[in-house]
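User: I would like a close look at one part of this model. Please keep it brisk and give the cut-offs as you go.

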Amino acid sequence: MPQIRFTRRFSMAHRLLSDPASRCAVPHGHNEFVHVTLATGETMDFGGSNYVASFETLKGRWHGFIDRAVDHAFQLNAADPMLDWFRQTEPHRLGRLMVFDGDPTTEAFAIALRRKLDAILIDDGSPFHCVELILEETPTNSVIIGATLDPAERAWGAGSWMDRPDLSINDLT
């Protein structure tokens, strides 16, 4: 059966703490693309709808998550002191902070997005599964997540926001 691919563009900001001498230690942003490829073992409705599921059905909740939760979110390490600043100074913005156990690298972000997509597909009862997720940080840098996640990728932050089929991007409240 044909595989389905769709792409969404969004803007984000982050900073990394693990290497204080890095340029990435200063808050900065990227305009990114996430490309998702889905596959199914189901048979198309040949001569009828001529698909297994419509594009609208397959991408609806995923694009909603990207547009309403990820776009223009600020990604922070749970240990970042900026998190306390937001708690004390702008608590109304806590919902726009995407919080990671460790630095919010593109690699970590791609794994988190993949787990969120998996949760959405399962919750929808979709006959499709993700076979590839590409997170394009810049036109020259991308992270590719393949058909399966290894146990360490699944265990990292298990049960957190990234495993829920909702719009959550942190576990602050």
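In what sense do β2 and β5 pair, and over how many bridges? Please take β5 as the centre and work outwards from there.

Analyst: First, the ground rules. This is a predicted model, in which local features need pLDDT of at least 70, side-chain atom pairs count only at pLDDT 80 or more, and totals for chains, interfaces and linings use all residues. Residues are numbered from 1 along each chain as its sequence is written, and side-chain values use heavy atoms, with hydrogens and water left out.

β2 and β5 pair in the antiparallel sense over 8 bridges. Two strands count as paired if DSSP finds at least two bridges between them. Helices (H or I, at least four residues) and strands (E, at least two) are DSSP runs, numbered from the N terminus. One bridge partnership joins T40 to F128 in β5.

β5 covers residues 128-138. Of its 11 residues, 8 are buried. Buried means under 20% relative accessible area, exposed means over 50%, and partly exposed lies in between (1.4 Å probe, protein chains only).

β5 also pairs with β6, residues 141-145. Here 5 bridges join the strands, which run antiparallel. L135 stands opposite V143 in β6. β5 and β6 form a hairpin with 2 residues between them.

Just ahead of β5 is S126, in the loop between α3 (106-124) and β5. S126 touches L58 and L121, leaving out residues up to four places away in sequence. Contact means heavy atoms within 4.5 Å. S126 and S142 are 16 residues apart along the chain, and their C-alpha atoms are separated by 27 Å.

Now the whole sheet. It is open, with 6 strands in the order β4-β3-β1-β2-β5-β6 and mixed pairing. β4 (97-100) and β6 stand at the edges with a single partner strand each, so one side of each has no neighbour in the sheet. Neighbouring strands are turned by 30 degrees against each other on average, direction ignored. Axes are lines fitted to C-alpha atoms, for helices over the stretch in contact, and angles run from 0 to 180 degrees between N-to-C directions.

On the far side of β2 from β5 in the strand order comes β1. β1 (residues 4-14) pairs with β3 in the parallel sense over 3 bridges. M12 has A73 in β3 as its bridge partner. Two helices meet these strands. α1 lies across β1, β2, β3, β4 and β5, and runs at about 5 degrees to β1. α3 packs on the sheet and touches β1, β2, β3, β4, β5 and β6. The direction of α3 makes about 150 degrees with that of β5.

At the β4 end, β3 and β4 pair in the parallel sense over 4 bridges. F74 has L97 in β4 as its bridge partner. In a regular strand the side chains alternate between the two faces of the sheet. In β4, L97 and V99 point one way, M98 and F100 the other, and all are buried. β3, helix α2 (residues 81-89) and β4 make a right-handed β-α-β unit. Right-handed means that, with the strands pointing away from the viewer, the path from the first strand over the helix to the second runs clockwise.

Next, the packing. The largest nonpolar core has 37 residues. Such a core is a set of buried Ala, Val, Leu, Ile, Met, Phe, Trp, Tyr and Cys residues joined through side-chain atoms within 4.5 Å. Those with the most contacts inside it are V34, V36, L38, W62, F65, L113 and L133. The elements giving two or more residues to this core are β1, β2, α1, β4, α3, β5 and β6. α3 gives the most, with 9 residues. L38 leads back to β5. Leaving aside neighbours within four places in sequence, the contacts of L38 include F128, H129, C130 and V131, as well as L58, L117 and L121. Apart from the largest core lies another, of 7 residues, among them L76, L83, F86 and L97.

One polar site completes the tour. R15 lies in the loop between β1 and β2. R15 is buried, with a relative accessible area of 15%. Its side chain makes a polar contact with the side chain of D80 at 2.7 Å. A polar contact is a pair of N or O atoms within 3.5 Å; within protein, one must be able to donate a hydrogen and the other to accept it, and residues adjacent in sequence count only if both atoms are side-chain atoms. The backbone oxygen of A25 lies 3.4 Å from a polar atom of the R15 side chain.
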